[in-house]
Amino acid sequence: MMTRVICDDADARQAIKDDLDTTLVVEAAAGTGKTTELVNRILRVLATGRAKMIEIVAVTFTEKAAGELKLRLREALEHARATADGDERPRLELALATLEEARVNTIHGFCAELLRERPVEASVDPLFVVLTEPEADRLYTRAFRAWLQEALTDPPEGVRRALRRSSFGGDADGPIDRLRNAGRMLAEWRDFPRSWTRPAFDRGATIDRLVQALHQLADLTSRASSDRDNLFVDTDGVRRLSRQIQLEQSVGPPAPGSGEPRHSSAASRTSPNGRTDLDGWEARLIDLTRDRGFSRTRKGSGYKFAKDVTRTEVLAARDALFADLQQFRKDADADLAAALQQELRGATERYQQLKQAAGALDFADLLVRARDLIRDDADVRRHLSTSSRIPIRFRRKSWSCSPTTCPESCSSSAIRNRPSTGSAAPTSARIGTYAIGSRRAAGVSCISRRAIAACRRSSIS
Ligand SMILES: Nc1ncnc2c1ncn2[C@@H]1O[C@H](COP(=O)(O)OP(=O)(O)OP(=O)(O)O)[C@@H](O)[C@H]1O
Ligand SMILES: [Mg+2]
């Protein structure tokens with residue numbers, strides 16, 4: 001299938017209005033006239049008799065945008081009816097009379113309609129309720145708490161490590177809230193079940209090496225000639241952490257029945273060098289990258305830092321440790337995220353069970369279930385392709401359009417344009433990472449789920 005990009009603004013607007021048998025995707029920045037052009041196109045589709053109002057599907061991301069679209073469509077229809085003649089007038093009058101039946105809706109509302117029409121084929125409760133975001137959030141919290149309580153009897157690696165991590169700066173949430181938020185996000189993306197890549201990461205060896213480097217830098221800086229030297233002052237966090245770790249290393253493993261939590265061997269171990277608290281040290285080493293002084297260490301002044309140590313030597317050791325710690329933070333976070341992605345599936349499963357018991361669907365269910373229904377059921381596809389003519393999908397660009405930011409170097413809008421497939425069999429009907437197409441190929445295209453998530457946060461039409 002051929003794709004053409006129209007970058008000239010006037011040509012793009014013309015194509016939207018007149019190229020009625022071509023599938024278009026319009027990307028344009030905020031306030032550039034997307035809704036105006038969409039209304040114009042729908043009017044032309046109706047006036048030329050290509051489709052009836054009830055055959056049109058126009059989806060938006062927010063209720064507000066759907067309401068505005070309907071209102072503007074009504075105004076435009078009333079205005080056009082007054083000046084229309086010939087066959088166009090009765091067509092527009094019929095459109096106006098049936099406007100309330102038209103599928104001018106949010107993407108979620110549209111999916112809910114499809115599912116209500118075909119609950120058996122979609123395997124949903126015919127009387128399902130749609131959870132609002134706060135309701136879904138509360139239900140997820142219930143599921144998460146139950147899951148966590150169980151998980152804490154023998155915490156898996158990711159949970160164990162995540163709960164040892166500190167809250168920092170603007171991060172007002174504690175470790176449990178952070179874990180819940182991560183789980184909630186993963187539950188939203190449950191339609192992408194593939195395990196994340198988890199590159200080999202020797203956490204224990206890396207921590208051992210970093211702790212050695214930490215002790216060395218602590219030792220080096222503690223020899224400062226002056227305790228008012230800025231380089232000495234700003235490396236205080238290094239010496240404190242070094243002392244803390246040395247103290248922990250000198251203490252043996254927790255005695256049975258001591259009341260101190262016992263960790264699995266991956267969390268703590270005892271070696272000839274003393275006890276190693278891998279989870280705790282991972283968290284503290286990562287905290288050090290955010291330490292105010294250590295992350296912005298001042299150089300201080302003077303060639304000599306101590307009697308037998310030059311300032312350059314200390315700065316080089318500080319920079320090397322800081323760079324190593326930053327890399328460690330990245331690697332450890334990626335490793336932890338991949339572990340949690342697996343472990344938090346249990347919470348997602350509980351959430352799914354709670355929803356099922358309540359006969360409820362959340363927004364992600366609406367998209368996924370409607371997609372599956374259309375993808376898997378040829379009969380539903382056939383029905384939709386004969387009952388709906390879908391005019392166009394407009395997508396607001398997430399970046400503001402200017403000659404420097406526009407990838408297509410256009411002035412305000414860009415149209416991707418695919419020739420009609422004529423009266424051939426229905427193009428595949430897709431939602432989510434897919435698109436919905438119609439027999440007349442008037443076409444909607446590519447609604448990415450990432451875009452949907454982003455658009456729920458900002459308003460889009
Ligand atoms: N071709 C045009 N020339 C000048 N003004 C226009 C044109 N098309 C639309 N407008 C005006 O621009 C304003 C914004 O139009 P519209 O609401 O259609 O934009 P939008 O892209 O849908 O905006 P939003 O991103 O906020 O949804 C309206 O006042 C509209 O009348
Ligand atoms: Mg708009």
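**S385.** I looked up S385 and found it in helix α18, residues 378-387. The model is a predicted one, so I treat each entry as a reading of computed coordinates. S385 has 21 other C-beta atoms within 10 Å, and it therefore counts as buried; the cut-off for that class is 20 or more. I then checked a partner far off in sequence: S385 and E55 are 330 residues apart along the chain, and their C-alpha atoms are separated by 9.3 Å.

**R371.** I went next to helix α17, residues 363-376, which holds R371. Is R371 buried or exposed? I counted 22 other C-beta atoms within 10 Å, so R371 is buried. Its C-alpha lies 9.6 Å from that of A122, with the two positions 249 residues apart in sequence.

**Whole chain.** I took the totals after these two residues. The protein has 461 residues, and 35% of them count as buried. I noted 19 helices and 12 strands. For contacts between residues at least 6 apart in sequence, I found that 76% join residues at least 24 apart.

**Strand β3.** I listed the side-chain directions in β3, residues 57-60. V57 and V59 point one way, A58 and T60 point the other way, and all are buried. Such alternation between the two faces of the sheet is what a regular strand shows. I then looked for the pairing: β3 is joined to β4, residues 103-106, by 4 bridges, and the two strands run parallel. In β4, the residue opposite V57 is R103.

**Helix α3.** I checked the length of α3, residues 63-83. Its 21 residues should span 30 Å at 1.5 Å a residue, and the end C-alpha atoms are 31 Å apart, which agrees. I noted A65, A66, L69, L73, L77 and A80 as buried in α3. Seen down the axis, the buried residues of α3 fall within an arc of 105°, so they line one face of the helix. What do the buried residues of α3 pack against? I found α2 (34-47), β3, α4 (88-97) and β4. On the other side of α3, the exposed residues are L71, E75, E78, H79 and A82.

**A82.** I followed one of these exposed residues further. A82, in helix α3, has 9 other C-beta atoms within 10 Å and is therefore exposed; the class takes 12 or fewer. The C-alpha atoms of A82 and E93 are 9.6 Å from each other, and the two residues are 11 apart along the chain.

**Ligand 1.** I listed the surroundings of ligand 1 and found 10 residues, of which the closest are A30, G33, K34, T35 and T36. Which element gives the most to the shell around ligand 1? I found that α2 does, with 3 residues. By class, I count 2 nonpolar, 6 polar and 2 charged residues in the shell around ligand 1.

**Q14.** I looked at Q14 in helix α1, residues 9-18. Q14 has 13 C-beta neighbours inside 10 Å, so I class it as partly exposed. Between the C-alpha atoms of Q14 and E37 I read 9.3 Å, for residues 23 apart along the chain.

**Helix α7.** I repeated the length check on α7, residues 133-151. The helix has 19 residues and reaches 26 Å from its first C-alpha to its last, close to the 27 Å expected at 1.5 Å a residue. I found A136, Y140, A143, F144 and W147 buried in α7. These cover an arc of only 105° around the axis, which puts them on the same side of α7. Cover for the buried residues of α7 includes α9 (175-188) and α16 (345-358). On the face turned away from the buried side, α7 carries the exposed residues P134, R138, R142 and Q149.

**S123.** I ended with a backbone angle. S123 has a positive phi of about 55°, although it is not a glycine. Where does S123 sit? I placed S123 in the loop between α6 (119-122) and β5 (129-130). S123 has 11 C-beta neighbours inside 10 Å and so counts as exposed.

How values were computed:
Residues are numbered from 1 along each chain as its sequence is written. Chains are lettered from A and ligands numbered from 1 in the order in which they are written. This is a predicted model: local features need pLDDT of at least 70, side-chain atom pairs count only at pLDDT 80 or more; totals for chains, interfaces and linings use all residues. Two strands pair if DSSP finds at least two bridges between them. Two residues are in contact if their C-beta atoms, placed from the backbone, lie within 7 Å. The expected span of a helix is 1.5 Å times one less than its number of residues. The arc is that of the directions from the helix axis to the C-beta atoms. A residue is near a molecule or strand if its C-beta atom, placed from the backbone, lies within 6 Å of it. Ala, Val, Leu, Ile, Met, Phe, Trp, Tyr, Cys and Pro count as nonpolar, Asp, Glu, Lys and Arg as charged, and the others, Gly among them, as polar.
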